[in-house]
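Please look over the sequence and the structure below before reading on. The briefing then takes up one helix, one sheet and one single residue.

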Amino acid sequence: MLARFGARAMAALWAGKLTAGLSRGLRRGGGTTLPGDVSRWVDPRILTTLTRSLDQGAVVVTGTNGKTTTAALLRHILEAQGRRTVANQAGANLIFGVTAALVNRASWSGGLDANVGLFEIDEASLPRLVQEIAPGTIIVTNLFRDQLDRYGELETTAAHIRRALTQGPEGVTAVLNADDPMVAALGDGLPRVVYAGLDDPSLLQPELSHGADAKFCPRCGSAFVFEGVYFGHVGHYHCPRGDFARPSPDVRASSVAIEGMERMRLRISDGAHETGFDVPLSGLYNAYNVVLAVAAAQAMGVSIASSAAALRNFTPAFGRMEHTVVDGRPAVLLLAKNPTGFNEVLRTAIQFGKARSFLIALNDRIADGRDVSWIWDVDFEQLKDVAGHIVVSGDRALDLRVRLKYAEIPDDRIEVVSDWRLALRRASEATADGQTIFVLPTYTAMLELRAVLTRDGALQPYWKGRPVDAKP
Ligand SMILES: [Zn+2]
C-alpha cells in the first residue's frame, strides 16, 4: 500500500535508503540503525507516515529477556498465515532501528510491501514508539534487573511501560506474562488484556533464588507468597493480604516437556481448546516466549491450532539457541546478557543439553554494560560438578576467570584465550567425541564470535539471516 507522502517524507525516505546503500557498500554490518537516524533528521514524522500504510497495524514486544525470540516466533506464525511482516533486526531496538527497518523495506516511491509491523523495543523507548506508530498489540515478556541498570529502578522501567499502555491508542491489546508479578500488575485497569503463563506445577521449584527481583506486592508492599517459581521471580504467587494475586492466564501451557536442546512439547489451551505444540527450542524461558507469541497471535485472529502447525518448523533467531559447527564439533550459541538470562541459559545447557564443554565470552562495551559486576549474581556454581573444559574469552575474560574460581571450578579446567578464532579452536579441541560446545557470549561478544563463524562459512551474516530489505 502507498502512504500519502509529502515532499519532506519522500526526501527522508530517499536519504535513509541512500544511507543504507552506502553503509552496506562500506560493509558496516548491514546499516542497522543509521538510515533511521538520517531519515528522522530529515522528517521526524517519517515513522508515523510509513506505519500508516500497514493495513494490519503493528505489534510491539518489550521486556528484559525474550524480546527477540518472541518477536521471531510471532513473525513465523503470522507469515505462515500469508501475512507479510516487516520487523526490526535483533539488537536494533531503539526507535532508530524501527525507523531503519521500515525505510529499508519501503520502495523508493514509498510503497511498503507488508501488512503488519513487528517490532522489538527496549522499555525506555516504548512510550515514544507507541505515540508514533499506534500499535494494536503490545507484548511484555518479563522484567528483570538488566546488566545496564543494575542499580536502576525496575519500577522506573515498569512505569515507562505502564505509561505506554495507558496512553496508547484506543483498542490496544496488552499481552502480559501472568507469572511475572511486575508485568501482571501492568494490566491493572486496562480495558484489553490477555494474560499468558505456564500452568505445569511439576516444573515449579521452591522460591527464591538469590538475585530475584519483584518479590513485593505492588498494592501494599507485602512480600509475595510463592507457591513456586519456574525461574527467578516468575511463577505462581499471591499477596498474603489478599489484594493481588497471579491472574489466571487466558492462554496457558498446561504441560511443558523439554527434549534435549532440540525441541520441546507443550500443550497450550485458551480455555476452550487445548493443542499440542512441538517447537524446535529448549529451555523453560523459551516456553514463555512461545506461549506469549501464541497468545498475541490469537488476539490477532490466528487460532492456536494454526500457531501449532506453523511453529513445527520455526528457526531460532540469531544467537538464540542457534546450532552450528565449530571446527568439526557441533555447537550451540546461547546469548546470555544478564543474571537471570545467564542462569536460565546455563541451566538449560546443563539440564537438557548435558553440557560439559563451554566457551564463555564476556565483553564490557556499551551494549553489554560497562560494569561487569553482574557476573557475581550469575550462579556459575552450577558448573562445578558438570563442566569439563571451560574456555573464557572477551574483554573481561580475567574477571570471568576470577568468578569461576570463586565457584570452586579447578584452575586446570579454565583456559583464558583472548583471540576469538583461537578460543573457538581451543573449545573444539577440548570437546570429546559426541559432545557439543556450548557458546555463551554477551551481546557484542556474540556479534564478534558470529563474525568469525561467518567468515568460516559456518553461519550466515546476521543481516542475511532475517532480511529486512529483501523483497519476499
Ligand atoms: Zn498486597
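Which exposed residues does the face of α1 turned away from its buried side carry? That face carries Ala7 and Gly25, where exposed stands for 12 or fewer other C-beta atoms within 10 Å of a residue's own and buried for 20 or more, with C-beta atoms placed from the backbone. This is a predicted model, in which local features need pLDDT of at least 70 and side-chain atom pairs count only at pLDDT 80 or more, whereas totals for chains, interfaces and linings use all residues. Residues are numbered from 1 along each chain as its sequence is written.

**Helix α1**
- Helices (H or I, at least four residues) and strands (E, at least two) are DSSP runs, numbered from the N terminus.
- The buried residues of α1 are Ala9, Ala12, Leu13, Gly16, Lys17 and Ala20.
- They cover an arc of only 125° around the axis, taken from the directions from the helix axis to the C-beta atoms, and this puts them on the same side of α1.

**The open sheet**
- Six strands, paired where DSSP finds at least two bridges between them, form an open sheet with mixed pairing in the order β12-β13-β17-β14-β15-β16.
- β12 (320-326) and β16 (414-416) stand at the edges with a single partner strand each, so one side of each has no neighbour in the sheet.
- Strands β14 (residues 357-361) and β15 (residues 390-393) pair in the parallel sense over 4 bridges, and Ile360 stands opposite Val392 in β15.

**Pro339**
- Pro339 is found in helix α11 (residues 339-353) and counts as buried because it has 25 C-beta neighbours inside 10 Å.
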